[in-house]
Amino acid sequence: MNAIFSQGIKASIVIFLLIIPLVSFYYSGNHDCLITNVNIVDVKTGEILKNKTIAIDNNRITAIYDNEIVGSTATIVIDGKGKYLIPGLWDVHAHYKWSHVDLDPLLIANGITGVREMWGNMPAFVEIPKRSQQEGLLSPDVYLSGDLLDGNPPCFPVGSLIVTTPNEAVAAVKSQIDKKVDFIKVYSMLSEECFLAIAKEAKKRNIPFAGHIPNRVSIYTAIESGMASSEHLYGFLNACSSIDTSNEALVSSFSEKRFDSLCSVLAKSSMWLCPTLVVNRASSYLNDSIFTHDNRMSYLPGYVLEIWNQKMSPYTKSQIENFANSTRVKYLFELNLIGKMNEKKVKFIAGTDFPNPYVFPGFSLHDELSLMVKGGMPTLDALRTATINPAIFMHKEDDFGSVEVGKIASLILLNKNPLENIENTQTIETVILRGKVYNRKTLDLMLEQAKSNGK
């Protein structure tokens, strides 16, 4: 009897051991969507987590399995074998809301799942055709500003709040909070007194402020005031040089000692830099006919090109030539500082400033990442500037920035590893925006539709 009992146990153990491999590789998961056998790019550590299966339900990542998962008949299954999964990209300096219906397809097709809107009530400047949103097309997530808070005279009379006294600064901050903005946008013509009054009131009301460091404010003052981000590298080279009468003088009088000192202060501060290298580059090559005949112009609505022409038409060819040549000296010098600044722990977020001339919604963010690498930044750090860094900057790490359980399912499936070459962020196979899947065929149709609308 004991022998029979013993043999039964042994047989059960053998059967159990045979079942274990099956359980470790197959599990029935009732999920809305599965991405199977995919390599996850961990933007926090730089590791590649190989052959994982991602489960998505509603708009969130609900599980990451080591096993191969078999879903229900209703589950959307995406084969990720040999592919790389990264978080959706953020363009953290954009002008978007004024024409989002035409811009959404370009953004989504390029994996841009979030934008920081830098001028929430930007005027259209031109007449925009009335078009309905494409059926089934979602819009990227938006981190929103409102009016430009500027001095007198303002750079843009329409769409700006003119602030000339501290009392007006306090009222302006309150008016923006009443509009439910995420942050206050400051601009170039503010006096130092008004800038500091805005900073004080914003801190009191616990709302970030960001934008242009005003012409009459030093970068050190902006850092000390708690400015959340500075755009376009404004004020940076001025603080590193002894002569600022021209771009050439800024470069020729550059001091490594001043540079090191400023980087040290920035690294210890809460300020992020959004260099918008692509718009700085565009300003530097306005006299280059190859650059100004980019074939990506075919994707843009005609009215965007009309705005470009409006911005350029007041200037003679000679004026454009002189401006571009002078700007190029500064741009190339600043570009070569990016890697050194990154090594010194200066914090970066990626933005483009579309749709300024020759800055292309969606496409240009990939250019921005490539320029950061060209400037000396490692590929992983460049990828972070459009993924985890914006999430940290916006205090939205629970929702965005990395591929982790619990986060919003805004993801990009790539055919090639972006850590090997940052331009691989353009090898997009699938985009998922808040759980909605756009495969390559759908993305191509969106781009073709954009071309048709632009004709």
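## Internal cavity

In this predicted model, the largest cavity holds about 70 Å³ of space. The count of cavities of 30 Å³ or more comes to one. Its lining is drawn from separate stretches of the sequence: Pro87, Gly88, Trp90 and Thr113 take part, together with Asp399, Phe400, Gly401, Ser402, Lys407, Ile408, Ser410 and Leu411. By residue class, the lining of the largest cavity divides into five nonpolar, five polar and two charged residues.

## Second largest pocket

The second largest pocket contains about 430 Å³ of space. It is lined by 18 residues, of which Ile207, Pro208, Gly226, Ala228 and His395 are the closest to its centre. Two elements, α4 (192-204) and α15 (388-393), each give two or more residues to this lining. The largest share comes from α4, with three residues.

The lining residues of the second largest pocket comprise eleven nonpolar, five polar and two charged.

## Six-stranded parallel sheet

Six strands form an open sheet in the order β12-β11-β13-β14-β15-β16, and their pairing is parallel. The edge positions are taken by β12 (160-162) and β16 (272-274); each has a single partner strand, so one side of each is left without a neighbour in the sheet. On average, neighbouring strands of this sheet are turned by 30° against each other, direction ignored.

Within the sheet, strand β14 (residues 209-211) runs parallel to strand β15 (residues 229-231), and two bridges join them. Gly211 stands opposite Ser230 of β15. In general, the strands of a sheet pair through backbone hydrogen bonds, in either a parallel or an antiparallel manner.

## Helix α13

Helix α13 covers residues 363-374, twelve residues in total. At 1.5 Å a residue, a span of 16 Å is expected, and the end C-alpha atoms lie 17 Å apart, which agrees with that value. After α13 comes Gly376, which has a positive phi, near 110°.

How many of the twelve residues of α13 are buried? Ten of them are, so the helix is largely enclosed by the rest of the structure. With burial taken as under 20% relative accessible area, the buried residues of α13 include the charged or polar side chains of Ser364, His366, Asp367, Glu368 and Ser370. Phe363, Leu365, Leu369, Leu371 and Met372, which count as nonpolar, are also buried in α13.

Technical notes
Residues numbered from 1 in each chain as written. Predicted model: local features only at pLDDT ≥ 70, side-chain atom pairs only at ≥ 80, totals over all residues. Heavy atoms only, no water. Helix = DSSP H or I, 4+ residues; strand = E, 2+ residues; numbered from the N terminus. Expected span 1.5 Å × (residues − 1). Buried < 20%, exposed > 50% of the residue type's maximum accessible area, 1.4 Å probe, protein only. 1 Å grid on protein atoms, 1.4 Å probe; cavity = no way out; pocket = protein on both sides within 12 Å on 5 of 7 lines; lining within 4 Å. Points joined across faces, edges and corners; volume = space filled by probe spheres on them. Pairing = 2+ DSSP bridges. Axes fitted to C-alpha atoms, helices over the stretch in contact; angles between N-to-C directions.
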